[in-house]
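Visitor: I would like to learn how to read a ligand site. Can you take me through one?
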Amino acid sequence: MVTRNPFTPSFGIVPDYLAGRDRVLAEMARAFENGLGDPNLATVIVGPRGSGKTALLACIGDSARDAGWLVVDTIAASGMLEDILQQSAAEASGLVEPKPEKRLTGITVGQLIGFEWAVEDAGQANWRTRMSALLDVLGEHDVGLLITVDEIDPAVDELVQLASIYQLFVRERRNVALVMAGLPKNATDLVDDDRVTFLRRARKRFLNRIADADARRAFRQSFEATGKEIADDLLEKLVDAADGFPYMMQLVGFNVWAESFGKTTVTSEHVERGLTAAREEFTENVLKSTVRDMSKGDLAFARAMVDCGEACTISEVARRMGKGANYASTYKARLLKQGVLTEHDDKTFSFAIPLFREYLAK
Ligand SMILES: Nc1ncnc2c1ncn2[C@@H]1O[C@H](COP(=O)(O)OP(=O)(O)O)[C@@H](O)[C@H]1O
Ligand SMILES: [Mg+2]
């Protein structure tokens, strides 16, 4: 029986039970089987901090590897292009380095030379040329290359370069995929950048609220797999507190599990204490930093939303701010981009982050 806490309230860690991502992962797996031409091969994952972008990127990488692709993971920052090249070369060397007794079986000398040149002797050749040489070798082995980019930031020039060269690789019918993840504002700014218009056609995945049914299943499986029983009404309290937010799910699960350490039944005391601890940590790690990143106007808008009830309309918020609807709309757009708000189908909107409203009300 596993006695390790199955919850992982740490950024970038894939939890034991990933909730609500079955569909996107199934579609990505199919994309790697289909290869060239599948629209999911260029994907942008969009969501606020703690919505599970990095974890999803890691799982997408795994599914690419399962389909026989090479995967290189990067973060948007200067130096990323060289990093992609070096990593691809390291990964690819497994393909081209023949076992000693089988020297050169299956690969021609020409390929090896091209490959080594790309990695070592490239001299003045630019990134695209060196990368093309590598992709030629991969192509000969019928192996695709997935590049993942986390924390996308349109201010990073190399990211814009990567995106435009990727487009050329696709045009050359190379088996490449580009999956990127970022905060709503950064992702929208990059997609809107006129230098990389093709990204407008990339598949966008907005990491919205996880359905309660999926969260419930993940909680139940995590407790059961570690030999703990939890009653339905208590489980429901965890689901409510998580509010469909992946990081909050992990905080809630982790703390309740820790409270019940050494016991086989989770009690209501464990739940009460666990939820209190989870809320405190969430306030420290998410709410405070979110508020810190907001402008005065953003905050005034958010404060005006506190008394809206389930969802707000723009006229209601504008009236509370004592401003016109146009003025208020500017801040609504800003907060949507920052991932603080979500908009519903009927154009009403509410806070995207659990406990945010309660926090502001205090
Ligand atoms: N689908 C999911 N279901 C449950 N927990 C998740 C899920 N995705 C991520 N998590 C957890 O949520 C937290 C935040 O995930 P992370 O991928 O770092 O978010 P982001 O990159 O969007 O900030 C981590 O503790 C991670 O274990
Ligand atoms: Mg992340």
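Guide: Start with the word pocket. A pocket is an open set of grid points with protein on both sides within 12 Å along at least five of seven lines. Keep in mind that this model is predicted.

Visitor: Which pocket does ligand 1 take up?

Guide: The space taken by ligand 1 is the second largest pocket. Two elements each give two or more residues to the shell around ligand 1: α2 (53-66) and α10 (246-259). The largest share, four residues, comes from α10.

Visitor: How many residues surround ligand 1?

Guide: A residue counts if one of its heavy atoms lies within 4 Å. Here 23 residues surround ligand 1. The closest are T8, G12, I13, K53 and Q250. By class, twelve are nonpolar, eight polar and three charged.

Visitor: What polar contacts should I look for?

Guide: Look for pairs of N or O atoms within 3.5 Å. The side chain of K53 has an N or O atom 2.7 Å from an oxygen atom of ligand 1. The protein covers 97% of the 560 Å² of accessible area that ligand 1 has on its own. Backbone N or O atoms also come into play: one of G52 lies 3.0 Å from a ligand 1 oxygen, and one of S51 lies 3.3 Å from a ligand 1 oxygen.

Visitor: Where does ligand 1 lie relative to the domains?

Guide: Check which domains supply the shell. Domain 1 (22-206) and domain 2 (212-291) both give residues to it, so ligand 1 lies between them.

Key. Residues numbered from 1 in each chain as written. Chains lettered and ligands numbered in written order. Predicted model: local features only at pLDDT ≥ 70, side-chain atom pairs only at ≥ 80, totals over all residues. Heavy atoms only, no water. Polar contact = N/O pair within 3.5 Å; in protein donor to acceptor, adjacent residues only side chain to side chain. Areas by Shrake-Rupley, 256 points an atom, 1.4 Å probe, with all protein chains shown as cover. 1 Å grid on protein atoms, 1.4 Å probe; cavity = no way out; pocket = protein on both sides within 12 Å on 5 of 7 lines; lining within 4 Å. Sits in = over half its atoms within 2 Å of the grid points. Nonpolar A, V, L, I, M, F, W, Y, C, P; charged D, E, K, R; others polar. Domains from an automatic or database assignment.
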